[in-house]
Amino acid sequence: METLTINASKAALTEAQFYNICRQNEELRFEMTAQGDLIVMPPVGGLSGDREMSLGAKVWNWNDASSLGRVFIASAILFRT
């Protein structure tokens, strides 16, 4: 599946506006580039999903044993407050 890139650089979206777009379209996965382009990400396939889960489990187990911080999935949206 191909990605769709939307040139939204002239809209100069804030983090809050980008977050609202994501919330209003929860069935889609968006990324915003440093240039302001919106990328609609295709869903992860089976092979990639399996590899991601395997690596994520290893990182989580390592972090749980070492207590060095928190681990998030790749698609998590974190905003600074």
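Visitor: Which residue in the hairpin of strand 2 and strand 3 takes a positive phi, and how many residues lie between the strands?

Guide: In this predicted model, the hairpin has 5 residues between strand 2 and strand 3, and Gly36 is the one that takes a positive phi, near 95°. The two strands that flank it, strand 2 at residues 29-32 and strand 3, pair in the antiparallel sense over 4 bridges, with Glu31 standing opposite Ile39.

Visitor: Which other strand is joined to strand 3, and in which sense, parallel or antiparallel?

Guide: A general idea helps in reading any such pairing: in a regular strand the side chains alternate between the two faces of the sheet. Here strand 1, residues 4-6, is joined by 3 bridges to strand 3, residues 38-41, and the two run antiparallel; Leu4 stands opposite Val40 in that pairing.

Visitor: What span does helix 2 reach, and what follows the helix?

Guide: An α-helix has 3.6 residues a turn, so residues three or four places apart point the same way. Helix 2 comprises 21 residues, 46-66, and reaches 30 Å from its first C-alpha to its last, close to the 30 Å expected at 1.5 Å a residue. Ser67 follows helix 2, and its phi is positive, near 50°.

Visitor: How many salt bridges does the structure hold, and which side chains meet there?

Guide: The structure holds 1 salt bridge, in which the side chains of Arg23 and Glu26 meet at 3.0 Å, N to O. As for their surroundings, Arg23 is partly exposed, with a relative accessible area of 48%, and Glu26 is also partly exposed, with a relative accessible area of 44%.

Note on methods. Residues numbered from 1 in each chain as written. Predicted model: local features only at pLDDT ≥ 70, side-chain atom pairs only at ≥ 80, totals over all residues. Heavy atoms only, no water. Expected span 1.5 Å × (residues − 1). Pairing = 2+ DSSP bridges. Salt bridge = Lys/Arg side-chain N within 4 Å of Asp/Glu carboxyl O. Buried < 20%, exposed > 50% of the residue type's maximum accessible area, 1.4 Å probe, protein only.
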